[in-house]
Amino acid sequence: MLDGTGLPIAPVSEFLRELVACGNTAASCRSYAYDLLRWFRFLAAVEVPWNRVQRTEVRDFVLWLRASHNPARDRHREGVPAPGSVNPRTGKPYLRDGYAPATINHALSVISAFYDHHVQAGHGPVVSPVPPQSRHGRRIEAHHNPLEPFRLHHRGAYRQKQGDPEPRTVPDSVIEDLFTALGCNRDRALFSMFLSSGARAAEMLGMTIGDVHSGEGRVYVQSKGLGGMKQACPASPEAFSWLALYLGELAQEGHRPEPHEPVWWTRRGPLRPLTYTALRAVLNRVNTRIGANVCLHDLRHTLCQRLVDDPGLSLVDAQQVMRHRRITTTSGYLRPRTDEVIAKVHEHYTRPKPPPRPLTGWTYDPNDLADVFGSA
């Protein structure tokens with residue numbers, strides 16, 4: 001990260017080197033760097049040095065994020081839905097205009113880690129200006145016994161309220177329209193792989209030819225948080241069929257990727273590996289065509305929901321396929337979805353009432369009469 005004169009900011013560079021040494025991925029370091037860039041821009045605006053920050057500046061930073069416009073939400077096209085509105089096909093709301101509570105909490109966590117590092121190194125303030133994440137001063141769920149339920153805890157100062165959203169599953173009708181709108185075998189193979197393997201976008205785009213094992217019905221992806229280790233993911237026969245068609249077309253065009261080269265390539269010249277930005281542009285065009293707001297991670301949610309709903313698979317099987325660290329993450333898909341509950345309630349409203357039972361032929365039991373009035 002550079003300052004206004006084009007020179008690296010030494011405290012940030014040292015902190016990022018610490019992250020790399022601790023085994024964090026390049027994507028994590030990039031995310032931390034962007035949060036610190038926003039923080040240092042705020043400090044430059046209020047004219048406070050980074051090592052003279054107090055709790056007041058952290059509070060004002062949070063207030064600024066709560067009231068500011070997020071430039072990532074700018075829509076450059078006409079006729080796009082309003083921020084925060086709900087898509088009628090998927091039932092998923094569009095992103096709001098400002099910064100989300102999760103974004104603010106993540107920024108506070110990054111700034112807290114930044115100052116904790118410099119407090120321990122003796123390069124910054126004596127005490128971190130960021131309040132702890134919990135009111136007790138300890139890390140939330142530290143030393144938690146997995147056999148006991150999680151306890152409710154109080155939020156730390158400046159931490160925003162975050163709801164517990166339900167999984168963003170895509171309806172089957174939208175999935176069918178999405179595949180119908182795809183215009184080439186590469187895109188059909190890509191989205192079939194996403195929907196049957198549960199791989200994340202970075203994992204799928206980083207897959208090489210040597211990672212594809214169609215005879216075993218699996219692909220290998222580099223999972224996050226495992227230090228570069230690759231894990232096996234299942235894939236459907238339909239996905240491998242589309243992949244074979246795509247690779248056949250690629251070979252006809254004169255390009256046969258080597259085992260160490262990527263699987264996914266651009267369709268237009270010059271030939272180069274497919275990036276996340278290009279893949280997202282493909283999905284945005286499809287969403288505009290079918291009137292939906294599906295993102296790539298929604299396909300992962302959809303696969304997990306299908307696995308959990310399958311009576312032939314256990315919850316542990318679904319956890320293994322999705323590569324969730326905790327079983328509690330997978331168990332979140334056991335909750336009834338909103339659309340299912342609404343459909344059941346409407347069925348309750350429209351269900352005809354049972355006819356009243358006739359009273360003809362009904363008499364008192366003589367034994368009951370004897371108990372009440374006594375025997376004659």
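These are my notebook entries on the packing, one helix pairing, one sided helix and a few single residues of a predicted model.

**Entry 1, cores.** I began with the nonpolar cores and found that the largest has 38 residues, with Phe191, Met193 and Trp264 making the most contacts inside it. I then listed the elements that give two or more residues to this core, and they are α5 (172-181), α6 (185-197), α7 (201-205), β2 (218-222), α8 (237-252), α9 (276-290) and α10 (296-309). Of these, α6 gives the most, with 6 residues. I looked up Met193 in particular and, leaving out residues up to four places away in sequence, I recorded that Met193 touches Gly198, Met204, Val219, Ala235, Ala239, Phe240, Leu243 and Trp264. Apart from this core lies another, of 28 residues, which includes Val12, Leu36, Trp50 and Tyr99. As background I noted that in soluble globular proteins nonpolar side chains tend to be buried together.

**Entry 2, α5 and α9.** Next I turned to a helix pair and noted that the axes of α5 and α9 come within 10 Å and cross at roughly 115°, and that α5 passes α9 in a right-handed crossing. On the α5 side of the contact I found Val174, Asp177, Leu178 and Ala181, and these meet Leu283, Val286, Arg289 and Ile290 in α9. Sorted by character, the residues of this contact divide into 6 nonpolar, no polar and 2 charged.

**Entry 3, α11.** Which residues of helix α11 are buried? I found Ala318, Gln319, Val321 and Met322, in a helix that covers residues 315-322. These buried residues cover an arc of only 165° around the axis, and therefore they lie on the same side of α11. They pack against α6, β3 (230-234), α10 and α12 (327-331), whereas the face turned away from the buried side carries the exposed residues Val316 and Gln320. Just after the helix I noted Arg323, which follows α11 and has a positive phi, near 60°.

**Entry 4, Ile327.** I followed the packing of α11 into helix α12, where Ile327 has its place. Is Ile327 buried, partly exposed or exposed? Its relative accessible area is 35%, so I entered Ile327 as partly exposed. Not counting residues up to four places away in sequence, Ile327 touches Leu315, Val316 and Gln319. I also checked the C-alpha atoms of Ile327 and Val316, which are separated by 7.2 Å although the two residues are 11 apart along the chain.

**Entry 5, Asp35.** I looked up Asp35, whose place is in helix α2 (residues 26-46). At 5% relative accessibility Asp35 counts as buried, the cut-off for that label being under 20%. Leaving aside its neighbours within four places in sequence, I found Asp35 in contact with His106, Ala107 and Val110.

**Entry 6, positive phi in loops.** Last, I looked at two residues that have a positive phi although they are not glycines, starting with Glu47, at about 60°, and going on to Tyr158, at about 75°. Glu47 is found in the loop between α2 and α3 (55-67), and I entered Glu47 as exposed because its relative accessible area is 70%. Tyr158 has its place in the loop between α4 (101-121) and α5, and with a relative accessible area of 22% I entered Tyr158 as partly exposed.

Conventions. Residues numbered from 1 in each chain as written. Predicted model: local features only at pLDDT ≥ 70, side-chain atom pairs only at ≥ 80, totals over all residues. Heavy atoms only, no water. Core = buried A, V, L, I, M, F, W, Y, C linked by side-chain atoms within 4.5 Å. Buried < 20%, exposed > 50% of the residue type's maximum accessible area, 1.4 Å probe, protein only. Contact = heavy atoms within 4.5 Å. Axes fitted to C-alpha atoms, helices over the stretch in contact; angles between N-to-C directions. Left-handed = near helix turned anticlockwise from the far one by under 90°. Nonpolar A, V, L, I, M, F, W, Y, C, P; charged D, E, K, R; others polar. Arc of directions from axis to C-beta.
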